[in-house]
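Subject: Model for your files, with notes on one sheet

Hello,

Here is the structure I said I would pass on. My notes follow below it.

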There are 2 protein chains.
Amino acid sequence: MNAIDTYLTENLEKYLQELERLCAQPSISARQEGIQECAALVKAAFEQRGMTAQIIPTAGSPVVVGRLAGRSPRTLLFYNHYDVQPPEPLELWTTPPFQPSRREGKLYARGVSDDKGELVARLAALDAVRHAHNGELPCGVVFVAEGEEEVASPNIAQFVQEHKELLHSHGAIWESGGVDTDGCPGTLLGYRGILYVELTVETMSRDAHSGQANILPNAAWRLLRALATLKGPDERILIPGFTEHAVPPTPQEIALLAELPDDDEVARRVYGIQAFVNNLSGLERRKALFNNTCNIAGFTAGYQGPGVKTVIPHVASAKVDFRLVPNQDPDDLLAKLRRHLDEQGFSDVRVEKLGSMFPSKTSPDDPLVQLAKRAGEQVYQKPYRMIPISGGSSPAYAFARPLGISVIDAGIGYWDNRVHAPDEHIRISDFLLGARHIAHILNQFAEA
Amino acid sequence: MNAIDTYLTENLEKYLQELERLCAQPSISARQEGIQECAALVKAAFEQRGMTAQIIPTAGSPVVVGRLAGRSPRTLLFYNHYDVQPPEPLELWTTPPFQPSRREGKLYARGVSDDKGELVARLAALDAVRHAHNGELPCGVVFVAEGEEEVASPNIAQFVQEHKELLHSHGAIWESGGVDTDGCPGTLLGYRGILYVELTVETMSRDAHSGQANILPNAAWRLLRALATLKGPDERILIPGFTEHAVPPTPQEIALLAELPDDDEVARRVYGIQAFVNNLSGLERRKALFNNTCNIAGFTAGYQGPGVKTVIPHVASAKVDFRLVPNQDPDDLLAKLRRHLDEQGFSDVRVEKLGSMFPSKTSPDDPLVQLAKRAGEQVYQKPYRMIPISGGSSPAYAFARPLGISVIDAGIGYWDNRVHAPDEHIRISDFLLGARHIAHILNQFAEA
């Protein structure tokens, strides 16, 4: 055991540099920037470790897969993604997003936490375990790095269906993980699903002078009226039948939520807010993760530059994402959204689906969960926490069901990584602890 | 008389080229692009005609003034502006906005109609009248070209107050004019006022992952809720006391509106719409110009690029313009807007005034109106139409009251100039007719 920890401590700088090289390569799936280049870097990193690696095309970004056999036929799958969120707004970054920069024990870059840091920590863990076993692995590994997670993984479900043999495994460690506000490790046991749509309305064939504003139809007003029918100010979704199939949290899940530490104050400070939506707090705030959301991720219409322009916009669009809870089906909700808009008189509002994912769940009693708990308590010397559901979404569902495996997470994150936002970063100490945790799970997976 | 018309017909090409040179110089007041350069070009055009010309600084863009004395002490003032609207969206222009281009009897460029073409047509008229009088002018002229009309003329009222002597005159021709859908000349007798504000709300100190969308406050939703309280779907403004001082149209004004031709079908075709707001048509549609508007000129929040980004926007803003009818005061309405938002629980929504103008009116019985009518019927050989109020706004009020003069318009426009929109243009035949109309007014103004 000590050989693993010693190796990782002594070689930390080497892995940070590997991570910096990976982060210096932009890989923005939303606009297909640097995707091929980054996939090639990931394949090289796999091959460098003796894995059999392939870049496998999909209808979108390619998936990079690397396999390496171990003494035991049992195989652990690692899911990561090499794509990142767009870095905008650029002016809010202290240092440029694709020039990794270290300050006060932290490493800053777009993707350094979500998700390139996770990937490199796992490669470091792999190296450490082999080092401790004279170059051998006690179990097999398969690394999967996709390139479209940040655009809702539109092709991963089909990819898994088509490559079940290649991905054959006995458990999976998901992309993220790390410590909570108390420094405790843990795992998510589930994810919400997502339905991401763009609503567009075009009221005229061109923009017009706003002197005719009570005569000619304004697309911004029209879209605003349509959006206002989707959700009440109390966050309740007003689309008929939307929550029809939703499964509420079980008593066991509520008990797990109740055991989690109260991080209200930290979250309020991080986001500079006085109160959460609907004045939620404590357990009630955590239980809100078992509710649906209807989020405006972007709204664009008319003149947005400096100064004034007196124009009636003829087109307006909004990006809207709905989070789904267990048992909801994104395509069912999409149909209900369309029907609702039609019934409300907004059949002129176009709805385009930009992405979707199903929700997913893992049992707290699963042997892999229990192994991660033992290893986590040993590495972090803190209680291990199980979070019944994440607010976010992931394509975990697309692996768990067809491969018949359990999915947990373990990694290098903390509560203020600023993923999807300017100044994304990791704490270097978290990187080391996360790599150790992964290494100990990998070291014992053959017997789990 | 014939000497004037002959001169303008024979020298048309020279003036079109002068106009093209002026349009090739961007002069976007919204972002202070090319303003100084364009002011210098206008001053040179004045001096070239022997005027005493000055570029006079203001708190914003400078005003260019040129004076030339005539045989009579009576002086006619021409108001124009050398600034233009921003050209975006650029991809909708057939040819680049600042590379003037002629196609099928039309001249395309940003500003070619609004308002550089008007200015050059007046300079051509001036040249023609002098040519017909052996270099003399029958009356004096003062040309005023401001550089902030497209950003609501924030400094022109104070400028006029401070330069009454320089602007001393006995009547004014305003910036625009031309023919209606029947090819008839006419004048506007009034303008609506305007209050242009930017509403901004900031719900957090940074953007957040949309997995927390029913927990963390979304600025786009917040602003949308605030905007929805301003106006009903029936266009009625919901701000208490907003219409308290508004003066409805007089029977004489309604009679003038009723005499105007029915251009509903043309306007529907131009904007590619099936119906006007509230199914207005005919006289009812024209009477709507005597109502207030509340227009969203722009709305911006969150991610607006291609693809998806799952983010909760922490800031959102909207540009909103209200059109005012006679007797309303923009600052009174601004205070009512602020009070309304506070009362509705939106004291977190910031309101910034970006510009404002008072409404204004001229009597249909004014001698200058009657002169323009006689000259118009002669040049166009069509009935002359008086439009009681424009949907748009203008700083005419800032000249009429302090200088004690009447203000009319006469110019080169037609119903499809696409001002403020892509592919702005003029018909070259309108340019010639408008210049002739102005020349005949100028020629007879000494005796009016």
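Two strands are taken to pair if DSSP finds at least two bridges between them. Please keep in mind that this is a predicted model.

By that criterion, chain B holds an open sheet of 6 strands with mixed pairing, in the order β1-β2-β6-β3-β7-β18. Its edge strands, each paired on one side only, are β1 (52–56) and β18 (407–409) of chain B. On average, neighbouring strands of the sheet are turned by 20° against each other, direction ignored.

What surrounds β6(B) in the sheet? On one side, β2 (residues 63–68) of chain B runs antiparallel to β6(B) and is joined to it by 5 bridges. Within that pairing, B:G66 has B:F143 as its bridge partner. β3(B) also pairs with β6(B), here in the parallel sense and over 8 bridges; B:N80 is bridged to B:A145 of β6(B).

Is β6(B) buried or exposed? In this strand (residues 139–146), 8 of the 8 residues are buried, so β6(B) is largely enclosed by the rest of the structure. Buried here means that 20 or more other C-beta atoms lie within 10 Å of the residue's own.

At the β18(B) edge, 3 bridges link that strand to β7 (residues 172–174) of chain B, and the two run parallel. One bridge pairs B:I173 with B:I408 of β18(B). Helix α12 (residues 396–403) of chain B lies across β3 (72–81), β7 and β18 of chain B, and runs at about 140° to β18(B).

Regards

Definitions and conventions: Residues are numbered from 1 along each chain as its sequence is written. Chains are lettered from A and ligands numbered from 1 in the order in which they are written. This is a predicted model: local features need pLDDT of at least 70, side-chain atom pairs count only at pLDDT 80 or more; totals for chains, interfaces and linings use all residues. Helices (H or I, at least four residues) and strands (E, at least two) are DSSP runs, numbered from the N terminus. Axes are lines fitted to C-alpha atoms, for helices over the stretch in contact, and angles run from 0 to 180 degrees between N-to-C directions. Two residues are in contact if their C-beta atoms, placed from the backbone, lie within 7 Å. A residue is buried if 20 or more other C-beta atoms lie within 10 Å of its own, exposed if 12 or fewer, and partly exposed in between; C-beta atoms are placed from the backbone.
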